[in-house]
Amino acid sequence: MKWENKGHEYDQAYQEMKKKKGFYLFGAGDYGRQFLGIMDQEVPIIGYIDNDKAKQGQIVNGKPCRPLEGTVLGEDEGIIVTMSQIARVKPVKQLKRGGYKKDIDFFMIEEFLSVYYVYQKGMVYFSSISFLPSTACNLNCRYCLNFNPFAEKFYVRKWEDLVRDVDLFFACVDRIMLFHVSGGEPFLYKHTGDLIEYIHKRYGDRIDTLRMVTNGTIVPPHDVLEKLSTCNVEITVDDYRKAVPQYAEEFSRLIEKLKAYKIRHYVNQVDSWIDLAPERTDYSAMGQEWLIQHRAGCNQSWQELRDGKLYNCNYAAYAAVAGVAGGQDAEEVYCLKGFTPEKKKELVEFRLGYTAKGYTNFCKKCRGFTAENSEEVEPAGQVKDDGA
């Protein structure tokens with residue numbers, strides 16, 4: 001999205017939020033659970049909406065759950081979409097098809113959280129951030145969203161650089177819903193246990209969920225598991241055994257270890273990935289206005305923290321590192337060293353997708369998380385050694 005009125009882009013959206021006397025949460029999954037825990041005492045939550053028939057008619061996290069069909073909003077009621085960027089693509093299209101208008105009838109979770117807190121409380125509250133200590137990985141997934149198959153080499157960050165980034169981030173950001181440590185494969189990085197311990201001890205009281213994701217193929221040593229067991233961290237274990245059955249034993253051992261060390265974790269049954277198709281996409285001939293609309297229509301809601309900067313789109317940042325789509329212009333990053341308290345709304349707007357340019361260079365090579373990009377692919381399918 002392109003900045004037109006920096007520091008005031010969400011003035012109208014906030015006024016619409018304030019009119020509501022009740023909200024439904026569209027999405028009774030992980031994000032819906034987290035949002036309810038954060039906001040149940042801040043705004044009135046009526047209940048959940050979900051397309052999963054097994055949840056409809058049930059009580060989820062203490063709230064009734066119902067389908068969108070048959071739900072009639074009162075004039076002073078709204079919907080907050082509480083789903084991940086991939087999961088929300090079809091539901092957002094469903095809402096628009098039903099006549100619901102964004103920022104009037106429905107709001108995105110990350111926008112609602114950040115806008116509410118910065119306008120209502122003067123706080124910088126992020127929904128999430130992606131933090132990669134390393135891109136090193138033992139898998140070579142064809143549709144890796146780090147674009148590792150395209151990279152000539154992995155990058156591995158120095159410990160002191162990680163600490164500097166974490167400290168700078170929390171000097172600017174008051175609170176965050178999800179601080180997400182990923183990779184690459186984090187259990188291949190020698191300082192992963194130290195990193196989680198550092199974040200937990202220094203800033204755990206400002207993080208709603210500290211999470212790390214693993215591909216389930218590496219069993220970390222005792223010292224790492226011991227450190228993790230003392231931290232309030234949640235480990236997501238992606239289940240890729242169908243694609244890489246040779247790691248089935250390691251997967252089982254990892255789960256056993258996490259249980260033995262009483263580390264909170266859950267297994268993520270990954271059914272499919274989405275192909276952003278940078279090697280087959282070329283929008284370079286499209287004009288700036290088209291690219292701005294392409295970026296605005298993308299449901300990509302994550303940014304990366306690296307080298308004292310926020311990168312407007314984490315996938316654009318990964319692609320640049322991997323050499324897929326060239327470099328990134330200055331307009332695509334926000335230097336946290338230049339942040340001052342007077343820039344709170346500006347920082348929130350950048351985190352929510354606003355830049356001076358309105359798109360990233362990678363938008364010219366990326367399909368995006370759009371309703372039109374429905375090409376689901378096999379998760380963790382491996383690139384063969386012969387390049388096939």
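This briefing walks through helix packing, empty spaces and backbone details in the structure above. The model is a predicted one. Helix α4 is a good place to start, since it packs against α1 and also against α2. The second largest pocket then brings α1 and α4 back into view, together with α3 and α9.

**Helices around α4**

- Two packed helices are described by the angle between their axes and by the distance between those axes.
- The axes of α1 and α4 cross at roughly 90 degrees and come within 10 Å. With angles of 65 to 115 degrees counted as roughly perpendicular, α1 and α4 therefore fall into that group.
- On the α1 side, D11, Y14 and M17 take part, and they meet E111, F112, V115, Y116, Y119 and Q120 of α4. This contact has 6 nonpolar residues, 1 polar residue and 2 charged residues.
- Helix α2, residues 30-39, packs on α4 at an angle of about 15 degrees, and the axes are 11 Å apart. That makes the pair roughly parallel, as angles under 35 degrees are counted that way.
- The crossing of α2 and α4 is left-handed. Y31, F35, I38 and M39 of α2 make the contact with I109, F112, L113, Y116 and Y117 of α4.
- The contact of α2 with α4 has 9 nonpolar residues, with no polar and no charged ones.
- F112 and Y116 of α4 appear in the contact with α1 and again in the contact with α2.

**The pair α5 and α6**

- Helix α5 spans residues 159-172 and helix α6 spans residues 192-203; they pack at about 25 degrees with their axes 11 Å apart. The two helices are therefore roughly parallel to each other.
- Here the crossing is right-handed. From α5 come W159, L162, V163, V166, D167 and F170, while α6 brings D194, L195, Y198, I199, R202 and Y203.
- By class, the contact of α5 with α6 has 9 nonpolar, no polar and 3 charged residues.

**Pocket and cavities**

- Rolling a probe the size of a water molecule over the atoms shows where empty space is left.
- The second largest pocket has a volume of about 830 Å³. Its lining is made up of 40 residues, and K102, R295, A296, G297 and C298 are the closest to its centre.
- Helices α1 (11-19), α3 (89-97), α4 (109-120) and α9 (288-297) each give two or more residues to this lining. The most come from α9, with 6 residues.
- Sorted by class, the pocket lining has 14 nonpolar, 12 polar and 14 charged residues.
- There are 6 cavities of 30 Å³ or more. The largest cavity holds about 110 Å³ of space.
- Among the 13 residues that line the largest cavity, C298, C313, C363, C366 and G368 lie nearest its centre. The lining of this cavity divides into 8 nonpolar, 4 polar and 1 charged.
- C298 is worth finding in the viewer: it is listed among the residues closest to the centre of the second largest pocket and among those nearest the centre of the largest cavity.

**Backbone details**

- Most residues other than glycine have a negative phi, and most peptide bonds are trans.
- N61 has a positive phi, near 50 degrees. This residue sits in the loop between β3 (59-60) and β4 (63-66).
- G183 and G184 are joined by a cis peptide bond, with omega about 20 degrees. G184 is in the loop between β8 (175-181) and α6.

Methods:
Residues are numbered from 1 along each chain as its sequence is written. This is a predicted model: local features need pLDDT of at least 70, side-chain atom pairs count only at pLDDT 80 or more; totals for chains, interfaces and linings use all residues. Side-chain values use heavy atoms; hydrogens and water are left out. Axes are lines fitted to C-alpha atoms, for helices over the stretch in contact, and angles run from 0 to 180 degrees between N-to-C directions. Helices (H or I, at least four residues) and strands (E, at least two) are DSSP runs, numbered from the N terminus. Angles under 35 degrees count as roughly parallel, over 145 as roughly antiparallel, 65 to 115 as roughly perpendicular and the rest as oblique. A crossing is left-handed if the near helix is turned anticlockwise from the far one by less than a right angle, and right-handed if clockwise. Contact means heavy atoms within 4.5 Å. Ala, Val, Leu, Ile, Met, Phe, Trp, Tyr, Cys and Pro count as nonpolar, Asp, Glu, Lys and Arg as charged, and the others, Gly among them, as polar. On a 1 Å grid over the protein atoms alone, a cavity is a set of points where a 1.4 Å probe fits but cannot get out, and a pocket is an open set with protein on both sides within 12 Å along at least five of seven lines; lining residues have an atom within 4 Å of a point. Grid points are joined across faces, edges and corners, and a volume is the space filled by probe spheres set on the points.
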